[in-house]
Amino acid sequence: MKKSKGQLAITIVSLFLGIILAIQLKTVNKTVGDGVLPTQRAQQLAIELKKSQEDRDAAIKALDEAEAKINAYEKGEADNNIYAENLYKDLEKYRMLAGYADLEGPGIVLEIQDPPADVQFGEEYSIVDDLDLILQTISVLNAAEAEAISINDQRYTTFTEIERAGDHIEVNGVSINSPIVIKAIGNPSTLESALAFKRGIVYTLEYYDYNVHLAQETNVKIPKYRKLKEFIYAKPVEEEND
Amino acid sequence: MNKTKKPNFTILFFSMILGIFMAGQLKQNIPILTPVTLSSIQATKYEINSVNKEIEDIEKLTMQRTEQLQILEGIALGDEDIIDILDAELENNKIAAGFEEVEGPGIIIRMEDNLAETAFGEEFDFDVIHDIDVLRIINDLRGAGAEAIDINGQRVLSISEIKCGGPIIRVNGKSLGAPFYISAIGDPKLLNAAINAPNTYAYALRTIDQLNIETTIEDHIVVPKYNGRFNFLYAKPLKEGD
């Protein structure tokens, strides 16, 4: 009697052990994928990604060179003639606003890092779920008279959309991810106080456990917009006295 | 007594060996398998695609810049006049920057607070339009490729703020009251989908918050030019070699 009781206990324990083992292996299989193949695939993809990024850097360099040449020509020619010089100055101003010029100046840098894992109570969320806050940050910076804004080195222009794509954010069609770095050129103290306002952006972000660093900087560099915006539908209104 | 003790001891012994082997087995697998999850492969693939798209955009812009450069080189030959070139370039950048009135097909969105007596929320907060609602809708329109956007006659640019100020919304430093008319020039079908398709932000505002949002597709919309602040006090163009 005593012996069969012990056997029964062992049987039950073994059964449990088996089930737990099976579940464990199944989960590992599901999340990791099977075998060695994915490892190779991942390495291939990593190489491919690196190559693409190098290509992109080369393309950016070619573009920069062409634009530097254009600027040199325009400036060189404009120096000969006062009217042309004024035109060139005007042109530069509109290029700055349209986003087709690299800019530098004093301003602020806001870095938003995803909340650390331990305070999340099992429910994971990241800045991807809080795009509203990025849009509001930009609006607040503009209200504080920011002159140029970039998000992870993507210039914020009149045509810039901030969209969610899976677990990424797309800005100007380029995917970015946490940490989000928003840079703005303008009066540093105005910009900073606009964001650090009580119950403002920084307060809200910190309330949701994001790691936020806000700092004034004397020289913020903001890159230009690298997309050709073609106007297909919108045409300038012809003035009647033309 | 002896008989029952002996099997217990063997089982204990074997369990310990089993435990050690299992631990060894799992430990061995971890360094090979953890870096490659299926989702990380997917993420890399996605990133490669987006980098390739970026390269395409940059190359398009480079082509356009090279053409410009060729025209500029014509000056040296006496074929072209610098003033004409600068004038044309100025015009292009003015349009891109939003300093020209533009016209074209698009949609007009009318947004109004929920005016019903028995409104949706316990608080009036839910029944009125906030800055974030307008920001989200404009972001969606930009995602759908809008070329020019205005709210109640205020052109929305990259430096336009959209902020709540009590009962009104401030855009470009001007106060606007409900109802808001947002006009956007672009592909009317895409723009309409960005507002009316299920699961868009505007759809949620209309069906859940029951704000009054109506869209009309128009063949001809005129979007006025920007007349807000435009002074770069802090930002300077980044000069190479400085």
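## Helix 4 of chain B

In this predicted model, helix 4 of chain B is largely enclosed by the rest of the structure, because 11 of its 13 residues are buried. The cut-off behind that statement is 20 or more other C-beta atoms within 10 Å of a residue's own. The buried set includes charged side chains: Asp131(B), Asp133(B), Arg136(B), Asp140(B) and Arg142(B) are on the list. Val134(B), Leu135(B), Ile137(B), Ile138(B), Asn139(B) and Leu141(B) complete it.

The helix covers residues 131-143. From first C-alpha to last, helix 4 of chain B reaches 18 Å. That is close to the 18 Å expected at 1.5 Å a residue. Just after the helix comes Gly145(B), with a positive phi of about 85°.

## Chain B as a whole

Chain B holds six helices and nine strands. Of its 242 residues, 31% are buried. Contacts in chain B often span long stretches of sequence: among those between residues at least 6 apart, 73% join residues at least 24 apart.

## Domains in both chains

Each chain carries a domain assignment. Chain B splits into domain 1 (38-97) and domain 2 (103-223). Their C-alpha centres lie 31 Å apart.

In chain A, domain 1 runs over 37-96 and domain 2 over 103-222. Here the C-alpha centres of the two domains are 25 Å apart.

## The interface between the chains

How many residues of each chain take part in the contact between A and B? The count is 87 residues of chain A against 82 residues of chain B. On the chain A side, several elements supply at least two residues each. The helices are helix 1 (2-32), helix 2 (37-78), helix 3 (82-98) and helix 4 (131-143). The strands are strand 1 (103-113), strand 4 (162-165), strand 6 (174-176) and strand 9 (235-236). Helix 2 of chain A gives the most, with 25 residues. By class, the side of chain A that touches chain B has 44 nonpolar, 18 polar and 25 charged residues.

Strand pairing also crosses between the chains. Two bridges join strand 1 of chain A to strand 9 (residues 236-237) of chain B. The two strands run antiparallel. In this pairing, Leu103(A) stands opposite Pro237(B).

## Ser52(A), a residue at the contact

Ser52(A) sits in helix 2 of chain A. Its contacts include a group on the other chain: Ser52(A) touches Ile48(B), Val51(B) and Asn52(B), leaving aside residues up to four places away in sequence.

Is Ser52(A) buried or partly exposed? It is partly exposed, because 18 other C-beta atoms lie within 10 Å, whereas a buried residue needs 20 or more. Ser52(A) and Leu141(A) are 89 residues apart in sequence. In space, their C-alpha atoms are 34 Å apart.

## A three-stranded sheet in chain A

Strands 4, 5 and 6 of chain A form an open sheet in the order 4-5-6, with antiparallel pairing. Strand 4 and strand 6 are the edge strands, and each pairs on one side only. Neighbouring strands of the sheet are turned by 35° against each other on average, direction ignored. Both edge strands also supply at least two residues each to the side of chain A that touches chain B.

Strand 5 of chain A has two distinct faces. Ile169(A) and Val171(A) lie on the covered face. His168(A) and Glu170(A) lie on the uncovered one.

## Bridges and turns in the sheet

Strand 4 of chain A and strand 5 of chain A are joined by four bridges. Arg164(A) has Ile169(A) as its bridge partner in strand 5. The two strands form a hairpin with two residues between them. Gly166(A) in this hairpin takes a positive phi near 65°.

On the other side, three bridges join strand 5 (residues 168-171) of chain A to strand 6 of chain A. Ile169(A) stands opposite Ile176(A) in strand 6. This pair of strands is a hairpin too, with two residues between the strands. In its turn, Asn172(A) has a positive phi of about 55°.

Notes. Residues numbered from 1 in each chain as written. Chains lettered and ligands numbered in written order. Predicted model: local features only at pLDDT ≥ 70, side-chain atom pairs only at ≥ 80, totals over all residues. Contact = placed C-beta atoms within 7 Å. Nonpolar A, V, L, I, M, F, W, Y, C, P; charged D, E, K, R; others polar. Pairing = 2+ DSSP bridges. Axes fitted to C-alpha atoms, helices over the stretch in contact; angles between N-to-C directions. Domains from an automatic or database assignment. Expected span 1.5 Å × (residues − 1). Buried ≥ 20, exposed ≤ 12 C-beta atoms within 10 Å, placed from the backbone.
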